[in-house]
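Reader: I have this model open at my desk and would love a close look at one strand and the neighbours it pairs with. Could you set the scene first, and then walk me through that part?

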Amino acid sequence: MTLAASRPDHPDAADSAASATTYARADWASAFRNVGSELTAAPLSASKGSIPSELSGTLYRNGPGRLERGGHWVHHPFDGDGMITAVRFDGGGASLTNRFVRTEGWLAEEEKGSFVYRGVFGTQKPGGPLANAFDLRLKNIANTHVVRLGDRLLALWEASLPHSLDPDTLETTGLEQLDGVLAAGEAFSAHPRFDPGHRGGPRMVTFGVKAGPRSSIRLMEFDASSGEGGSGEGGSGRLLADQTRSFKGFAFLHDFAITPNWAVFLQNAMAFNPLGFVFGLKGAAQCLASKPGEQGQFWLIPRSGDGEPLQVQAPAGFVFHHLNAFEDPSAGAAGQVVVDSIYYDDFPTIGPDTDFRAVDFSTLPVGQLHRCRIDLATGAVSIERLEERCCEFAMVNPARVGLDARYAWMAVTHRERGNDPLQAIEKLDLHSGERWVWSAAPRGFVSEPLMVPRPAVGAGPAPAEDDGWILCVVWNGARAASDLVILRADDLTEQAVIPLPLAIPHGLHGSWSAA
């Protein structure tokens with residue numbers, strides 16, 4: 001693994017990062033495998049550096065851990081069964097526990113030894129179209145995110161209910177309706193946002209979507225008074241606010257952003273033709289397609305529940321993930337809402353006949369960080385590019401969610417231009433444009449970086465916005481297993497490299513729960 005501090009006054013580092021691709025496809029593809037063991041409190045130690053003694057809490061990660069059954073591979077890794085990894089830190093030591101989420105589908109397929117359900121992203125049951133036609137069941141795979149809320153640990157998959165797990169043992173409790181808040185089978189986003197206290201106390205803000213010719217968004221806010229990034233046990237989890245708004249058009253919403261007063265959604269210009277899914281030829285997600293020549297819309301829902309949502313035309317492109325949003329009251333007659341998002345020129349997808357392990361990255365659109373400014377008086381939207389480098393999985397300091405954050409951390413390609421697997425972590429100064437880059441190339445591949453702020457000590461001054469650590473699970477192609485890398489958040493120097501006794505496939509999202 002290599003470190004390059006890529007700054008305007010360090011041109012050699014920038015030139016190095018822009019060099020030709022150095023990864024081997026075999027190294028990247030070797031991460032796609034079944035997780036073969038479940039460990040309990042396996043002790044960990046650093047092979048380089050040392051684990052910070054101030055780091056006290058649990059890193060939870062979720063992602064597909066079962067990608068093959070009976071010799072048949074999933075068509076897309078997003079169809080893999082969810083597996084939770086928990087790395088617990090205390091006093092400079094660490095341990096690892098991992099468990100598959102015992103969903104109904106996982107249990108049924110474990111017993112049979114083959115796929116029983118179709119996958120949303122194209123995985124088919126054995127038997128061809130005749131065996132798959134008219135089987136419209138969706139398998140809740142609980143593989144996208146994992147968050148702490150009250151005494152519950154929630155494994156999330158956005159098309160249905162969360163699964164509840166024991167935060168310590170990771171044993172599955174079952175489907176979770178949050179004390180009757182959710183109806184059976186109700187959609188519950190895999191992308192909650194944690195409000196650090198803009199509306200009287202920390203909250204988990206999330207949503208559920210009912211999509212159709214006219215779609216509805218249910219916006220929910222839960223007490224997280226000691227929640228994500230906090231110092232306690234995750235708050236009460238009590239529902240504090242609940243509203244439902246409807247909008248014209250088919251809603252494909254994976255993520256959103258919040259400010260103190262707004263929940264911000266970007267409805268991509270997408271069409272859904274279900275015939276291929278109904279007749280057993282495609283997964284439901286493969287029936288999505290961009291609408292040529294059309295633009296999406298920003299939907300701004302007032303978190304107070306008062307007044308009507310604001311709908312404005314969005315710039316052309318496609319967005320999976322947002323970095324952050326904030327309000328700029330000094331701009332325009334009524335102020336602006338500023339939204340930072342990772343934009344693609346088009347919807348990234350792979351065809352029904354493509355092996356995901358052999359995908360040609362040069363054919364996929366590049367994700368780049370952009371900033372949109374929405375004028376609340378006129379509805380005018382301007383856009384600027386903040387980062388040319390291909391990036392994903394961006395975040396700010398949790399205390400700056402919904403505010404004008406100065407720093408962002410994200411997973412990026414090793415090369416400064418073009419599309420490749422994500423191999424590096426970048427820190428970006430959103431005010432000055434200064435950049436720092438740590439790279440795991442040529443044989444390492446990064447996942448979503450998680451920024452953990454340094455805990456405040458007593459009545460002393462609050463730590464700086466970039467004071468803390470970046471935690472990132474890295475696929476190490478050299479040993480065909482995973483490492484946990486701890487970087488200093490301010491300059492991305494390595495604090496520790498911890499080899500994990502587990503081979504974890506490329507994952508999705510995770511969270512930090514302070515002790």
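Author: Happy to! Please keep in mind that this is a predicted model. The protein holds five helices and 36 strands. Its radius of gyration is 22 Å, close to the 24 Å that the globule rule gives for 515 residues, so the protein is as compact as a globular protein of that length. Measured out along the principal axes, the C-alpha trace spans about 65 × 55 × 50 Å. (Strictly, "measured" is the wrong word there, as these spans are computed from the predicted model.) Buried residues account for 57% of the 515 residues. Among contacts between residues at least 6 apart in sequence, 62% join residues at least 24 apart. The accessible surface comes to about 19,700 Å², and 52% of it belongs to carbon and sulfur atoms.

Now to the strand itself. I suggest β33, which covers residues 468–476. Strand β33 is mostly covered, with nine of its nine residues buried. Strands of a sheet pair through backbone hydrogen bonds, either parallel or antiparallel. You can trace the partners of β33 one by one.

Start with β31, residues 444–446, which runs antiparallel to β33 and is joined to it by three bridges. Here G444 stands opposite N476 of β33. Just ahead of β31, in the loop that follows β30 (435–439), you will find P442. The peptide bond between A441 and P442 is cis, with omega about 10°.

Next comes β32, residues 450–453, which pairs with β33 in the antiparallel sense over four bridges. On this side, P453 has G468 of β33 as its bridge partner.

The third partner to visit is β34, residues 481–488, which is antiparallel to β33 and linked to it by eight bridges. One pair to click on is V474, whose bridge partner in β34 is D483. Strands β33 and β34 form a hairpin with four residues between them, and in that hairpin A480 takes a positive phi near 50°.

If you follow the chain past β34, you come to L492, in the loop that leads to β35 (494–499). L492 also has a positive phi, near 60°, although this residue is not a glycine. Is L492 buried or exposed? Its relative accessibility is 0%, so L492 counts as buried.

For a contrast, look towards the start of the chain at A41, in the loop between α2 (25–29) and β2 (42–44). A41 is not a glycine either, and its phi is positive at about 50°. A41, however, is partly exposed, with a relative accessible area of 43%.

One more sheet is worth a visit while you have the model open. Four strands form an open sheet in the order β17-β18-β21-β22, with antiparallel pairing. Strands β17 (257–258) and β22 (310–313) stand at the edges with a single partner strand each, so one side of each is left without a neighbour in the sheet. Within this sheet, six bridges join β18 (residues 262–267) to β21 (residues 297–302), and W262 has P302 in β21 as its bridge partner.

Terms used. Residues are numbered from 1 along each chain as its sequence is written. This is a predicted model: local features need pLDDT of at least 70, side-chain atom pairs count only at pLDDT 80 or more; totals for chains, interfaces and linings use all residues. Side-chain values use heavy atoms; hydrogens and water are left out. Helices (H or I, at least four residues) and strands (E, at least two) are DSSP runs, numbered from the N terminus. The radius of gyration is taken over C-alpha atoms; the globule rule is 2.2 Å times the number of residues to the power 0.38. Buried means under 20% relative accessible area, exposed over 50%, partly exposed in between (1.4 Å probe, protein chains only). Contact means heavy atoms within 4.5 Å. Accessible areas come from the Shrake-Rupley method with a 1.4 Å probe; for residues, only the protein chains shown count as cover. Two strands pair if DSSP finds at least two bridges between them.
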